[in-house]
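Me: I am new to this structure and would love a friendly walk through it. Could we take it one question at a time?

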Amino acid sequence: MAHPVIPQVLEIATPLATELGLEVVDAVFQTNHSPPILRIDVRNLSQTDTSLNDCERMSIALGESLETSDTLPDAYVLEVSSPGVSRSEEHTSELQSLTNL
């Protein structure tokens with residue numbers, strides 16, 4: 001079950017990702033760490049691989065937006081990464097984007 005803050009984070013992250021040519025494929029807020037970790041997985045829509053530069057651009061844009069939105073008022077760590085090859089594809093759209101159907 002997703003943390004209650006995830007829908008608010010996705011409302012901010014999804015349009016930012018789209019502007020950057022990326023897609024948000026997962027978001028997790030891990031509160032069992034101190035400070036908690038907000039992990040966002042993104043995929044580059046125009047390339048087969050998501051680069052470190054893609055993650056950096058999303059991290060900067062999302063970090064600035066989250067700070068001004070006060071969605072997460074306390075300290076947290078923002079991690080932006082690619083979903084990686086080991087991630088199981090959960091959505092039909094993800095499978096189609098990988099198989100070019």
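Me: How many of the 8 residues of S2 are buried?
Reply: Happy to help, and please keep in mind that this is a predicted model. A residue counts as buried when its relative accessible area is under 20%. Strand S2 covers residues 37–44, and it is largely enclosed by the rest of the structure, because the number of buried residues among its 8 is 7.

Me: Let me step back for a moment. What pattern does the protein chain follow along the sequence?
Reply: The protein chain has 3 helices and 3 strands. Of its 101 residues, 35% count as buried. Read along the sequence, the pattern is α-β-β-α-β-α.

Me: In which sense do S1 and S2 pair?
Reply: A hairpin of 6 residues joins S1 to S2. Ala 27, for example, has Ile 40 in S2 as its bridge partner. Over 8 bridges, the sense in which S1 and S2 pair is antiparallel.

Me: And in which sense do S2 and S3 pair?
Reply: Two of the bridges give a feel for this pairing. Ile 37 has Val 77 in S3 as its partner, and Ile 40 is matched in S3 with Val 80. Strand S3 spans residues 77–81, and over 5 bridges the sense in which S2 and S3 pair is parallel.

Me: What is the handedness of the β-α-β crossover from S2 to S3?
Reply: S2 and S3 pair in the parallel sense. Between them the chain passes through helix H2, residues 52–69. The handedness of this β-α-β crossover is right-handed.

Me: How far apart are the end C-alpha atoms of H2?
Reply: H2 has 18 residues, and at 1.5 Å a residue they should span 26 Å. The distance in the model agrees with that expectation, because the end C-alpha atoms are separated by 25 Å.

Me: Which residues of H2 are buried?
Reply: The cover over the buried part of H2 includes H1, S1, S2 and S3. A general point about helices helps here: an α-helix has 3.6 residues a turn, so residues three or four places apart point the same way. The buried residues of H2 are Asp 54, Cys 55, Met 58, Ala 61, Leu 62, Gly 63 and Leu 66.

Me: Is Ile 60 buried, partly exposed or exposed?
Reply: Ile 60 lies in helix H2. Its C-alpha atom is 9.7 Å from that of Leu 78, which is 18 residues away along the chain. The limits are under 20% for buried and over 50% for exposed. With a relative accessible area of 46%, Ile 60 is therefore partly exposed.

Me: Now for the other helix we have met. Where does H1 bend?
Reply: H1 covers residues 6–19, and its 14 residues should span 20 Å, which agrees with the 20 Å between its end C-alpha atoms. The helix also has a bend of about 25 degrees, with a proline, Pro 15, following within four residues. The residue at the bend is Ala 13.

Me: Which residues of H1 are buried?
Reply: What covers the buried residues of H1 includes S1, S2 and H2. Ala 13, where the helix bends, is one of these buried residues. The full list is Ile 6, Val 9, Ile 12, Ala 13, Leu 16 and Ala 17.

Me: Is Thr 18 buried or exposed?
Reply: Thr 18 lies in helix H1. Its C-alpha atom is 9.0 Å from that of Leu 45, although the two residues are 27 apart in sequence. The limit for exposed is over 50%. Thr 18 has a relative accessible area of 55%, so it is exposed.

Me: Which four residues touch the most other members of the largest nonpolar core?
Reply: This core has 22 residues. H1, S1, S2 and H2 each supply at least two of them, and the largest share, 6 residues, comes from H1. The four that touch the most other members are Leu 38, Ile 40, Met 58 and Leu 62.

Me: What does Met 58 touch, leaving out residues up to four places away in sequence?
Reply: Met 58 is one of the buried residues of H2. In the protein chain, 57% of the contacts with a separation of 6 or more join residues 24 or more positions apart. The residues that Met 58 touches are Ala 13, Leu 16, Ala 17, Leu 20, Leu 22, Val 24, Val 42, Gly 63 and Val 80.

How values were computed: Residues are numbered from 1 along each chain as its sequence is written. This is a predicted model: local features need pLDDT of at least 70, side-chain atom pairs count only at pLDDT 80 or more; totals for chains, interfaces and linings use all residues. Side-chain values use heavy atoms; hydrogens and water are left out. Two strands pair if DSSP finds at least two bridges between them. Helices (H or I, at least four residues) and strands (E, at least two) are DSSP runs, numbered from the N terminus. A crossover is right-handed if, with the strands pointing away from the viewer, the path from the first strand over the helix to the second runs clockwise. The expected span of a helix is 1.5 Å times one less than its number of residues. The bend at a residue is the angle between axes fitted to the seven residues ending there and the seven starting there. Buried means under 20% relative accessible area, exposed over 50%, partly exposed in between (1.4 Å probe, protein chains only). Contact means heavy atoms within 4.5 Å. A nonpolar core is a set of buried Ala, Val, Leu, Ile, Met, Phe, Trp, Tyr and Cys residues joined through side-chain atoms within 4.5 Å.
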